[in-house]
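Colleague: I would like to go through the burial and the charge pairs here. Could you take my questions one at a time?

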Amino acid sequence: MASVQTIHLQPQIDSRATSGGGRVTVPRGRHVSSPIQLRDGIELHLERGSELVFVDDRSAYPLVETDYEGEPAVRCVSPVSATGCHNISITGEGTIDGSGQVWRHVKRYKLSDEQWATLLASGGVTDDEQRIWFPSVPSRDGDAAVKQLRAHRAPLEAYEPWRDFLRPNLLKFTDCRNVTLDGPLFTNSPAWCLHLLLCEDVVIRNVRIFNPHWAQNGDALDIDACRNVLVEHSHFDAGDDAICIKSGKDEAGRNRGRACENIDVRNCTVLHGHGGVTIGSEMSGGVRNVRVANCIFRGTDIGLRFKTTRGRGGTVENCTFENIAMHDIAGDAISLNMYYTKAPPEPISDRTPTFRAISFRNITCDGAKRAIELKGLPERPIHDIRFDNITIRSFKGIEITDAARITLNDVQVRVSEGSGLTTHRVEDLRCNGLNLDENAEEP
């Protein structure tokens, strides 16, 4: 077995930054590090054959005031972080491992009997029903305790007993400009893997992101209220959504008022994940000007996924998805769903979300549970959605509810169950070259 060495990166980063920036290198071999913060002008370079593993001692991660899932929160600091930095990058062909196994809880149904037995033997505790394993008692009991602390606006130090619950994202860059991630494998995150918040002019290329399928909240890439982002030639295999586009949750996101915009995703592959590309559900600041092209999704729960609910607010608009091939999708090939959580009807206000001006073209899906779902709100229908040159083989067909100005142009759907097209409260449905092959063989 290769030897493991402790590497002290932060002094090198600080020294380089003081002298105007430069490259800090992780050499070949396996190295253990405490959490690090990048500075202006720093390139963290991982040589081929290098593995940067972050320490598995949870007490080594200080508590910080940050945000989580779109709202202000206290969390443990990320293994890799940067705030307000310019011209930062992570390059090379090495691996960054977040030691997520010491943080994450695991649901019984996601593991085989043998895997579950091995996990129980490793220590930790379970819930009363033995359906969820936790690495510690504070991890198990932290949810209720932290909710109380938030409700009472408790100071940072009051969260200390519950730090095991406050899992960090592997990498978090906040309010940074000119960011490049090129080459590394990012894996085994405690929570989300890569989280870019309020960043501008970002390039992500040639990266590989892997979180095991049982990784709770194991998103691969979260692009959150960012501007001018390019993601290309990258591979994703995630325990939750793979490529996620967000802009804050509910009132906090609306008050910040920062849209996620000018996002270009191209030539990427997703192997597993709750969604191949997902917009929402935290999209309260709005999402606009998104293009996803030339991508492959294999075995994701949903292919292209839009999700929101009453109370979010925000508008998703001007999005184009083209030249996408999907295979063996467990759920919907394409889903726009405004009922992500159950919420009672309410008058139209800034809390009412909007999906509009979204187009899909040159898309194939070989195997899905349902071809297309459009599910708007009665008070705010999904509108101005266009499908061109779409071919899908699925169990169920197209289901549209509470929508307006929907165009199906050269759409072919082969379904083995029920109707190829079902509509409810749909206004101005335009079909040209719609081919529904019902009672076809199962996908």
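Modeller: Buried means under 20% relative accessible area, exposed over 50%, and partly exposed in between. Bear in mind that this is a predicted model.

Colleague: Is glutamate 261 buried or exposed?

Modeller: The relative accessible area of glutamate 261 is 11%. The cut-off for buried is under 20%, so glutamate 261 counts as buried.

Colleague: Which residue meets glutamate 261 in a salt bridge?

Modeller: The N to O distance in this salt bridge is 2.8 Å. The pair links distant parts of the chain, 27 residues apart, with glutamate 261 in strand 25 and its partner in strand 28. The partner is partly exposed at 32% relative accessibility, and it is arginine 288.

Colleague: Is lysine 246, which forms a salt bridge with glutamate 282, buried or exposed?

Modeller: Lysine 246 lies in strand 24, and glutamate 282 in the loop between strand 27 and strand 28, so the pair ties together parts 36 residues apart in sequence. Glutamate 282 has a relative accessible area of 9% and is buried. Lysine 246 has a relative accessibility of 3%, so lysine 246 counts as buried.

Colleague: How far apart in sequence are the parts tied together by glutamate 93 and arginine 48, and why?

Modeller: The closest N and O atoms of the two are 3.0 Å apart, in a salt bridge. Glutamate 93 sits in the loop between strand 10 and strand 11, and arginine 48 in the loop between strand 5 and strand 6, so the parts tied together are separated in sequence by 45 residues.

Definitions and conventions
Residues numbered from 1 in each chain as written. Predicted model: local features only at pLDDT ≥ 70, side-chain atom pairs only at ≥ 80, totals over all residues. Heavy atoms only, no water. Salt bridge = Lys/Arg side-chain N within 4 Å of Asp/Glu carboxyl O. Helix = DSSP H or I, 4+ residues; strand = E, 2+ residues; numbered from the N terminus. Buried < 20%, exposed > 50% of the residue type's maximum accessible area, 1.4 Å probe, protein only.
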